[in-house]
Amino acid sequence: MITEIIINAFLVSFMLVIALFIVNTRKVIFTILLAGTYSLVAALMFVSLDAVDVAFTEASVGAGISTILFLAALSFLPKEEVQESFNKNNIFALSICLLIGGLLIWASYDLPMVGNENNPVHQHLVSDFIEGSKNHIGIPNVVTAILASYRGYDTFGETIVIYTAGLAVFILLYNRTLKETNKSVKNEISKK
Amino acid sequence: MMFLAILFAFSVCFLLILIRLIAGKTTYDRILAANSIGTIVVLAISIHGFYMGRPEFIDISIVYALINFIGTVAVLKLFDKGKLGDK
């Protein structure tokens with residue numbers, strides 16, 4: 001128990017150091033490198049918190065895809081970040097941030113303790129899921145049973161939304177490339 | 001106990017590499033440091049699995065190793081060609 005807390009505190013302090021340097025760096029490429037490192041450490045912390053599926057997603061999306069997407073976007077951007085001057089509107093925004101953050105921290109004192117087995121979240125449906133999912137559905141993994149059967153319509157809707165979004169992006173990009181190739185073909189014909 | 005000692009050694013390595021990542025002289029220093037941090041994370045996940053008594057999750061470290069490799073290749077390609085992709 002104590003060693004777990006020490007490991008997690010160690011990882012969180014690493015993440016804090018990396019985040020501070022992300023804010024301070026002015027070169028965009030270093031920011032991207034540091035952000036990738038940050039999400040790798042975050043994934044390591046998810047593993048140590050026993051949330052392996054979240055760690056999987058964090059590693060593949062946070063450290064993998066988003067780093068490469070940022071790099072691809074970087075080739076269209078200026079390499080150095082412009083130093084912004086400090087203006088007084090920022091103080092107003094900062095005070096609002098601090099106020100709302102303080103309110104949320106104050107509200108969090110009313111929440112039940114993390115990991116307490118008498119919490120309502122552990123009493124309400126979870127015991128039914130754990131006891132019944134194998135008999136109701138026949139899938140040994142509880143998470144899979146919840147995602148694919150108890151919340152099946154929800155997952156189905158999510159999949160449709162993501163599929164539609166991907167299809168829309170593909171159609172937009174496809175039309176643009178089609179027009180460009182048509183233009184270039186017409187130009188070549190008119191030159192001849 | 002051995003696994004805990006190994007984890008401690010990894011954390012010391014992590015600290016040294018982090019210093020190199022933040023205060024590296026050239027860009028290539030930093031790229032190498034980011035890659036090494038990925039390697040340390042892969043090793044730490046494997047050792048952490050054995051330390052907690054659940055070594056089933058070693059597959060994740062394989063995924064991490066692959067992602068780390070792809071990321072490093074992308075950064076180096078950006079430096080070599082100045083852009084990613086074909087066009």
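This is a short dialogue on reading the interface, pocket and cavities of a predicted two-chain model.

Student: What should I know before I start?

Tutor: This is a predicted model, in which local features need pLDDT of at least 70 and side-chain atom pairs count only at pLDDT 80 or more, while totals for chains, interfaces and linings use all residues. Residues are numbered from 1 along each chain as its sequence is written, chains are lettered from A and ligands numbered from 1 in the order in which they are written, and side-chain values use heavy atoms, with hydrogens and water left out.

Student: How many residues of chain B are in contact with chain A?

Tutor: Contact means heavy atoms within 4.5 Å. Here 35 residues of chain B touch 34 residues of chain A.

Student: How do I read the size of that interface?

Tutor: The size of an interface is often given as the accessible area lost when the parts come together. Buried area is that loss, taken with a 1.4 Å probe and summed over both parts. Chain B and chain A bury about 3000 Å² between them, with 86% of it on carbon and sulfur atoms. On the chain B side, Ile22(B), Tyr64(B) and Ile67(B) lose the most area to chain A, together 17% of what that side buries.

Student: How many salt bridges and polar contacts cross the interface?

Tutor: A salt bridge is a side-chain nitrogen of Lys or Arg within 4 Å of a carboxyl oxygen of Asp or Glu, and the rule finds zero across this interface. A polar contact is a pair of N or O atoms within 3.5 Å; within protein, one must be able to donate a hydrogen and the other to accept it, and residues adjacent in sequence count only if both atoms are side-chain atoms. One residue pair, both at pLDDT 80 or more, is in polar contact across the interface.

Student: Which helix of chain B gives the largest share of the side that touches chain A?

Tutor: Helices are DSSP runs (H or I, at least four residues), numbered from the N terminus. Helix 2 of chain B gives the largest share of that side, eleven residues. The side divides into 26 nonpolar, five polar and four charged residues. Here Ala, Val, Leu, Ile, Met, Phe, Trp, Tyr, Cys and Pro count as nonpolar, Asp, Glu, Lys and Arg as charged, and the others, Gly among them, as polar.

Student: How is empty space found?

Tutor: Rolling a probe the size of a water molecule over the atoms shows where empty space is left. On a 1 Å grid over the protein atoms alone, a cavity is a set of points where a 1.4 Å probe fits but cannot get out, and a pocket is an open set with protein on both sides within 12 Å along at least five of seven lines; lining residues have an atom within 4 Å of a point. Grid points are joined across faces, edges and corners, and a volume is the space filled by probe spheres set on the points. The largest pocket has a volume of about 350 Å³. Its lining has 13 nonpolar, three polar and no charged residues.

Student: What lines the largest cavity?

Tutor: Of its 14 lining residues, Leu33(A), Ala34(B), Asn68(B), Gly71(B) and Thr72(B) are the closest to its centre. This cavity has a volume of about 180 Å³, and its lining divides into seven nonpolar, seven polar and no charged residues.

Student: Where does Asp50(A) lie?

Tutor: Asp50(A) is in the loop between helix 2 and helix 3 of chain A. Its phi is near 70°, a positive value in a residue other than glycine.

Conventions:
Buried area is the accessible area (1.4 Å probe) that two parts lose on being put together, summed over both. Helices (H or I, at least four residues) and strands (E, at least two) are DSSP runs, numbered from the N terminus.
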